[in-house]
Amino acid sequence: MRIVLVGPPGAGKGTQAAYLAKNLSIPHISTGDLFRANISRGTDLGVQAKGYMDAGNLVPDEVTIAMALERMGQPDAANGFLLDGFPRNVSQAEALDKALTAEGLHLDAVLDLEVDEDEVVKRIAGRRICRNDSSHVFHVTYSPPKKQGVCDECGGELYQRDDDSEETVRTRLEVYHTQTEPIIDHYREQGLVVTISALGKVAEVTERAMAALEEGG
Ligand code: AP5
Ligand code: ZN
């Protein structure tokens, strides 16, 4: 299956993607994680992306689209993928459509995670990420690690993302409403959108997502 996950910052895209990708046996491709990995390795791409990310703005399309398509072209993504954080505006969506069509491929579903802004703020404020692997995600209250500040999965140090400050979150939400939400209409025209509530326990949301994908995907 080829799936796009969409939803505001802090909706739980990364959290759900980890379970869904495993259930569906497809790779989880997160452009945010790819950028953060480049930042921690100090690559040119990371240096370029960091300023935009810290301010809560989108990294320019030419950099992002090339990086995302390159990742999707790797062998583990040949039979499907779960995209998290890409596409994030209409021109990225058009570039993805074009690249898939050129290969005779198409998306199967766009899973839209719905959550109110108060919950988003609570989720982001308590989020802690592993230094070794930014897909290891915890929350100080909702899913606390067994030992404070230490990743359950690999023993790495947990930290708060630079772009999780209150001011940057406000910008990220605004960017989501103005630039990312329009892709939902873009994909609705293609009959691909399935919307679910992202409220409730992590496992409940995963169940809801799997059921929606089976029905609508
Ligand atoms: P990115 O990393 O994609 O961030 P985001 O979209 O803002 O999403 P988040 O990672 O903040 O949230 P999430 O929905 O994954 O939530 P999570 O699962 O962690 O992008 C960061 C930046 O990179 C962008 O601002 C931009 O600069 C750049 N970028 C990335 N892609 C780009 C693109 N395509 N184009 C241009 N620029 C791009 O969950 C949040 C917290 O809630 C966690 O602590 C979690 O434990 C907790 N939680 C999750 N589910 C639940 C639940 N059901 N109940 C209680 N708590 C929960
Ligand atoms: Zn870890």
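The following exercises, with worked solutions, concern a predicted model.

Residues are numbered from 1 along each chain as its sequence is written, and chains are lettered from A and ligands numbered from 1 in the order in which they are written. In this predicted model, local features need pLDDT of at least 70 and side-chain atom pairs count only at pLDDT 80 or more, while totals for chains, interfaces and linings use all residues.

**Exercise 1. Describe the shell around ligand 1.**

Step 1. A residue is near a molecule if its C-beta atom, placed from the backbone, lies within 6 Å of it. The shell around ligand 1 holds 36 residues, and Pro9, Gly12, Gly32, Gly85 and Arg127 come nearest.

Step 2. Sort the shell by class: Ala, Val, Leu, Ile, Met, Phe, Trp, Tyr, Cys and Pro count as nonpolar, Asp, Glu, Lys and Arg as charged, and the others, Gly among them, as polar. The result is 13 nonpolar, 16 polar and seven charged residues.

Step 3. Assign the shell to elements, where helices (H or I, at least four residues) and strands (E, at least two) are DSSP runs numbered from the N terminus. At least two residues each come from α1 (13-24), α2 (31-41), α3 (44-55), β6 (137-139) and α9 (202-216).

**Exercise 2. Place Gly12 and Lys13 in their surroundings.**

Step 1. Glycine 12 sits in the loop between β1 and α1, whereas lysine 13 belongs to helix α1.

Step 2. A residue is buried if 20 or more other C-beta atoms lie within 10 Å of its own, exposed if 12 or fewer, and partly exposed in between, with C-beta atoms placed from the backbone. Glycine 12 is buried because 24 other C-beta atoms lie within 10 Å. Lysine 13 has 24 C-beta neighbours inside 10 Å and therefore counts as buried.

Step 3. Contact requires C-beta atoms, placed from the backbone, within 7 Å. Neighbours within four places in sequence aside, glycine 12 is in contact with Leu113, Arg123, Ala198 and Val205. Not counting residues up to four places away, lysine 13 touches Leu5, Gly7, Asp84, Gly85 and Leu113.

Step 4. Compare with the record: the UniProt annotation "binding site", from an unreviewed entry, includes Gly12, Lys13 and Arg127. Such annotations may be inferred rather than shown by experiment.

**Exercise 3. Work out the pairing and burial of β3.**

Step 1. Two strands pair if DSSP finds at least two bridges between them. Strand β1 (residues 2-6) pairs with β3 in the parallel sense over four bridges, and leucine 5 has aspartate 84 as its bridge partner in β3.

Step 2. Strand β2 (residues 28-30) runs parallel to β3 and is joined to it by three bridges; isoleucine 29 stands opposite leucine 83.

Step 3. In a regular strand the side chains alternate between the two faces of the sheet. In β3 (residues 81-84), Phe81 and Leu83 on one side and Leu82 and Asp84 on the other are all buried, so both faces are covered.

**Exercise 4. Trace the sheet that contains β5.**

Step 1. Three strands form an open antiparallel sheet in the order β6-β5-β7. Its edge strands, β6 and β7 (158-159), each pair on one side only.

Step 2. β5 (residues 127-130) is joined to β6 by three bridges, with valine 137 in β6 as the bridge partner of isoleucine 129.

Step 3. UniProt places the feature "domain: Adenylate kinase active site lid" (unreviewed entry) at residues 127-163. The end C-alpha atoms of residues 127-163 lie 11 Å apart, and the span is 0% helix and 24% strand.

Note on methods:
Two residues are in contact if their C-beta atoms, placed from the backbone, lie within 7 Å.
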